[in-house]
Amino acid sequence: MLKVERVSSGIPGLDDMLSGGIPRGRVVLVVGGPGTGKTILCSQFLMSGIKDHDEAGLFVTLDESREHIVREMASFGWNIPEYEKEGKWIFADLSPISQAGTGTKPAKQTIGKKEFSLENVLDSIRTVSRSKAKRIALDTVTSLAFQYPDIVQRRSVLLEFIETLSSTGATSIMTTELRTSGLERSVQLEEYLAHGVVVLQTLQVGKSITRVLQVEKMRETPIDTQMRPYRITENGIEVYSRESIF
Ligand SMILES: Nc1ncnc2c1ncn2[C@@H]1O[C@H](COP(=O)(O)OP(=O)(O)OP(=O)(O)O)[C@@H](O)[C@H]1O
Ligand SMILES: [Mg+2]
């Protein structure tokens, strides 16, 4: 049998739940509630690629501006501008408040112009073949997906996304907001279409609130499907893959 090549996620503990890592070239959806660490996870995935595996990364940001991300991730000791200069970290800032060009121009509104913004995103992803990025993070697809209330249309848009990401050969993580939570949450459309799904949420366990990570699916991979606790520390996200929450 052909051995599946795996890409380390860069998140301590997570690879153990994935039989070693994400299958190379696949698209993993990270579904998470507000403040659960979606943006940190994306950055950590790219940072680890650069530092530990000499793989360049593309960060497509659709919600937060480049400036915000750079500032927030500096608190983990990740110096993004340094790697941008070396061409190892590439930003595609498609956030509505991005200050394109000079940095002094007023915000360019992309919201509401579906074709425009969707094509923009797909174009940014396609530049990856030129930039040679081996990892892509896309944070978040929520606002884009919501521009298509029609389920059939949304499905085809999401599929186009996943296809485009896959076709670059890079290993990708895309995030989306968790719309229902708890132990019996309902599954979102994106989760059926992605190759892998990781869910981040906060749960009440006994009297305390705990952050939990669950690998819901990963094609070509035997997975640990238990909910495992995780923490966000000054080093980023760490999953306690041997601890049980109950
Ligand atoms: N330096 C730090 N040390 C520990 N925890 C931190 C640090 N910086 C941020 N956090 C935690 O990380 C969380 C934010 O992470 P992140 O921005 O990745 O979440 P998110 O899921 O992307 O949020 P949003 O839904 O707002 O986009 C905060 O709620 C905070 O608890
Ligand atoms: Mg975020």
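Aspartate 54 sits in the loop between helix H2 (38–53) and strand S4 (57–61), where helices (H or I, at least four residues) and strands (E, at least two) are DSSP runs numbered from the N terminus. The model is predicted, so local features need pLDDT of at least 70 and side-chain atom pairs count only at pLDDT 80 or more, while totals for chains, interfaces and linings use all residues. Residues are numbered from 1 along each chain as its sequence is written, chains are lettered from A and ligands numbered from 1 in the order in which they are written, and side-chain values use heavy atoms, with hydrogens and water left out.

Aspartate 54 has a positive phi of about 50° although it is not a glycine. Its relative accessibility is 61%, so it counts as exposed; the classes are buried for under 20% relative accessible area, exposed for over 50% and partly exposed in between, with a 1.4 Å probe and protein chains only. Serine 19, in the loop between helix H1 (14–17) and strand S2 (22–23), is also not a glycine and has a positive phi, of about 55°. Serine 19 counts as partly exposed because its relative accessibility is 38%.

Another backbone feature is the cis peptide bond from aspartate 139 to threonine 140, with omega near -10°. Threonine 140 belongs to the loop between S6 and helix H7 (142–146). Strand S6 (residues 135–139) holds alanine 137, which is buried because its relative accessible area is 0%. Leaving out residues up to four places away in sequence, alanine 137 touches Cys42, Leu46, Leu58, Phe59, Val60 and Ile173, contact being heavy atoms within 4.5 Å. The C-alpha atoms of alanine 137 and isoleucine 237 are 16 Å apart, with their positions 100 residues apart along the chain.

Threonine 140 appears again among the contacts of threonine 176, which, beyond four places in sequence, also include Val30, Gly32, Lys38, Thr142 and Gln188. Threonine 176 lies in strand S7 (residues 171–177) and is buried, as its relative accessible area is 0%. The side chains of threonine 176 and threonine 142 are joined by a polar contact of 3.2 Å. A polar contact is a pair of N or O atoms within 3.5 Å; within protein, one must be able to donate a hydrogen and the other to accept it, and residues adjacent in sequence count only if both atoms are side-chain atoms.

Lys38, a contact of threonine 176, leads on to the ligand. Around ligand 1 there are 13 residues, of which Gly35, Gly37, Lys38, Thr39 and Ile40 come nearest; a residue is included if one of its heavy atoms lies within 4 Å. An N or O atom in the side chain of lysine 38 is 2.8 Å from an oxygen atom of ligand 1. Glycine 35 places a backbone N or O atom 3.0 Å from an oxygen atom of the ligand. For serine 75, a side-chain N or O atom is 3.4 Å from a nitrogen atom of ligand 1.

Arginine 185 is in the loop between S7 and helix H9 (189–193). It is buried because its relative accessible area is 12%. Its side chain makes polar contacts with the side chains of glutamate 191 (2.8 Å) and glutamate 216 (2.6 Å).

Glutamate 216 is also in contact with isoleucine 223, as are Met17, Leu18, Val215, Lys217 and Met218, leaving aside neighbours within four places in sequence. Isoleucine 223 lies in the loop between strand S9 (208–218) and strand S10 (227–233) and counts as partly exposed, because its relative accessibility is 26%. Its C-alpha atom is 9.7 Å from that of glycine 20, 203 residues apart along the chain.

Leu18 and Met218 are also among the residues lining the largest cavity, together with Ser9, Leu14, Ile22, Val28, Val30, Leu41, Ile173 and Val198. On a 1 Å grid over the protein atoms alone, a cavity is a set of points where a 1.4 Å probe fits but cannot get out, and lining residues have an atom within 4 Å of a point. One cavity of 30 Å³ or more is found in the whole structure, and the largest has a volume of about 50 Å³, taken as the space filled by probe spheres set on the points, which are joined across faces, edges and corners. Its lining has nine nonpolar, one polar and no charged residues; Ala, Val, Leu, Ile, Met, Phe, Trp, Tyr, Cys and Pro count as nonpolar, Asp, Glu, Lys and Arg as charged, and the others, Gly among them, as polar.

Terms used
On a 1 Å grid over the protein atoms alone, a cavity is a set of points where a 1.4 Å probe fits but cannot get out, and a pocket is an open set with protein on both sides within 12 Å along at least five of seven lines; lining residues have an atom within 4 Å of a point.
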